[in-house]
Amino acid sequence: MESFGRAFQLIFSGNREVFTIVFTSLYISIISTGVTACLGIPAGILLHFNTFPFKRGLVAVINALLALPTVVVGLLVFSLISRSGPLGSLNILFSPWAIVMGQVVLSFPIMVSLVYSGLSKVDGRFYETLVTLGAKGRNVLAATLIEARFVILSAVLAGFGRVIGEVGVSMMLGGNIRWYTRTMTTSIALESSKGEFSQALALGVILVTIALLVNGIIHTLVKER
Amino acid sequence: MKKILCIGIILFLAFGVGLFATGSGEKEMPANPRIKMATTTSTENSGLLDYLLPVFKEKTGYSVDVIAVGTGAALELGAKGDVDVVFVHARSKEDEFVAAGNGINRKDVMHNDFVIIGPKSDPAGIKSMKDAAGALSRIATSEADFVSRGDKSGTHVKERELWKKAGIDPSGIWYKEAGQGMGAVIMMTNDMQGYTIADRGTYIAMRDKVDLVALVEGDPVLFNPYGIIAVNPEKYEHVNFEGAMALENWIVSEEGQSLIAAYKIKGDQLFYPDADK
C-alpha cells in the first residue's frame, strides 16, 4: 500500500523520466494507430464492398490473427529488420520506428476485422434506400462511412488500446533504451525486475488510466449509436 | 472544439519529432553521434551505465543506446550487426566472438566476482564454504530451491561451468530456470528463499530490497571479468566503428577507469577497473 502512495507522488512530482516514458509510449502508439488506420480502414471497407473467391477464408484468417501474440510479431519483424535480415539496410532496429512497425503489424488485423464486421452490421435497407434515391459508387461509400463513423472510430480506439498496452513488440524491437525507446510497458517490466515496485506501479497506474479512458470512449461511442 | 483538438494534436506531434531528433547540442557533434551498445543486465541493473554514460556524452557528444540483455544475446546482436559495440562478461564466449571475425579490439574493462546468495537460514549449509562447485553440489543434494538465469548470460555460463565442475547435471523441481535478467532472478530467489549465483554488482545494488545474504565468495573460479568489443567494421560496413572505439578508449582511459572505481553503493565498490594492464 505504501508503494501506491509513492506511485502517486511520482506521478505528481513531475519526474522528468516518468514524463518522457509516458510521452514516448503515447507518441509511438499514436503514430502506430494512425498508420494502421490509414491501412486498416480502407482494407476493411474494400473487404466489405467486394466479393471474391476465398473471401470467407480471408476473413477467418484475419479474425484468427486477432490473437497474434506480441512476441511472435516482435520476432517476425525483428528478423525482417535485423541487419542480417531483408530490410536490414533501413537501420531502424532498436528505434521508435521499429516499434511502430511491429505495432502496425499487430493492430492491422484488429482494425480490418472491426471495420469489416461493423460495416456488415449496417442495416441492409440503408443501401437499398441509397440506391433507390439514385446514389452510385462514391456516394454510397461516403454515406456508409458517415453512417458507420462510430464503428470506425471504435475500431481505431481498439487498435490503440492494443498497442499502448503491449510489451513484447516494444521490448524486442525497441530494446528498452532509456530516453529513447523506453515505454511504459517495457519500463514496468524493467523496474519490477529490479525490485523497484513503486516506480513500476506509478507507470502501471498511468497505463491503466489511459486504457480505461480509451475503453470509456469506445463505450460511450457505441452507446451513442 | 475540433480546431482546438487539431492544433493540440499538431503541437503534440511537432514536440514529439523534436524529442526524437537527436539532441542539437552546442558542442561539436561527432559525425554519427549515436552508438548502439548491447550489454548484460548486470551493468545496467547495477546502475553503472546510468552513472558512466552521461559523463561520456558530456565529454564526446556521443549518446549511447543501451540494450540490456544477457551476454549470449548481446553477442548474438553483435554477430548480426545490429549493434556497434558489446560490453559483456563471459571470456570464453568473447574469444569465440572475436575468433569468428564478429568483433575486434577487445579490451579488458573491469571485474568483480560472483557470489552465491541464499537465505539467512541456509538450509543447504553452504555458508563460508571456499569451494563454489562444492557448495552447488551441496545445494543439489539438499534439493533446496536454486534459481538459474537459464538465458545464456555471462552469469549463466559461469553457473553451468560450476555445475560441470561439480559433476552434476542439475534437474528436478528444485532447479528453476527462470530465463530472466539478474535483477528478476534475485527477486524470484528472494520470494522462494532459495539460492542463486549473482554478480556482486547487481547483488549489492539490490541487497536492501531482498532478504538474502552472500554465502559463498572468494573462490578464484568466481572471478568475473568484463570486456568491451567493437563490432567488426569489415564485416558490417554500417556499424558506428568510430563511436564504438571512442567509447572503448574512453572507458579504459584514466577517467573512465577512475569513475568505475569510484562507483559505490552505500560504501561498497561494485566493479574494479582492469584496463591498466
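**Figure 1. Overview of chain B in the predicted model.** Among the contacts in chain B between residues at least 6 apart in sequence, 76% join residues at least 24 apart. Chain B holds 11 helices and 12 strands, and buried residues make up 45% of its 277 residues.

**Figure 2. Close-up of the loop between α6 and β5 of chain B, centred on B:A144.** This loop runs between α6 (132–142) and β5 (146–148) of chain B, and B:E143 also has its place there. B:A144 counts as buried because it has 21 C-beta neighbours inside 10 Å, whereas B:E143, with 13 other C-beta atoms within 10 Å, is partly exposed. Leaving aside the neighbours within four places in sequence, B:A144 is in contact with B:P123, B:A124, B:I139, B:W174, B:G194 and B:Y195. B:A144 and B:G118 stand 26 residues apart in sequence, and the distance between them in space, taken from C-alpha to C-alpha, is 9.9 Å.

**Figure 3. Close-up of two residues with positive phi, A:N176 and B:E143.** Most residues other than glycine have a negative phi. A:N176, which is not a glycine, nevertheless has a positive phi of about 55 degrees, and in B:E143, likewise a residue other than glycine, phi is positive and near 50 degrees. A:N176 is placed in the loop between α9 (168–174) and α10 (184–193) of chain A, where it counts as buried because 23 C-beta neighbours lie inside 10 Å.

**Figure 4. Close-up of the packing of helix α5 against helix α8 in chain A.** Helix α5 (residues 96–120) and helix α8 (residues 149–164) of chain A pack at an angle of about 155 degrees, and their axes are 9 Å apart. Because angles over 145 degrees count as roughly antiparallel, α5(A) is described as roughly antiparallel to α8(A). The crossing in which α5(A) passes α8(A) is right-handed. On the side of α5(A), the residues that make the contact include A:L106, A:I110, A:M111 and A:L114, while those of α8(A) include A:I152, A:A155, A:V156 and A:R162. Taken together, the residues of this contact divide into 12 nonpolar, four polar and one charged.

**Figure 5. Close-up of the contact between chain A and chain B.** The contact takes 16 residues from chain A and 20 residues from chain B. On the side of chain A that touches chain B, the residues divide into seven nonpolar, six polar and three charged.

Note on methods: Residues numbered from 1 in each chain as written. Chains lettered and ligands numbered in written order. Predicted model: local features only at pLDDT ≥ 70, side-chain atom pairs only at ≥ 80, totals over all residues. Helix = DSSP H or I, 4+ residues; strand = E, 2+ residues; numbered from the N terminus. Buried ≥ 20, exposed ≤ 12 C-beta atoms within 10 Å, placed from the backbone. Contact = placed C-beta atoms within 7 Å. Nonpolar A, V, L, I, M, F, W, Y, C, P; charged D, E, K, R; others polar. Axes fitted to C-alpha atoms, helices over the stretch in contact; angles between N-to-C directions. Parallel < 35°, antiparallel > 145°, perpendicular 65-115°, else oblique. Left-handed = near helix turned anticlockwise from the far one by under 90°.
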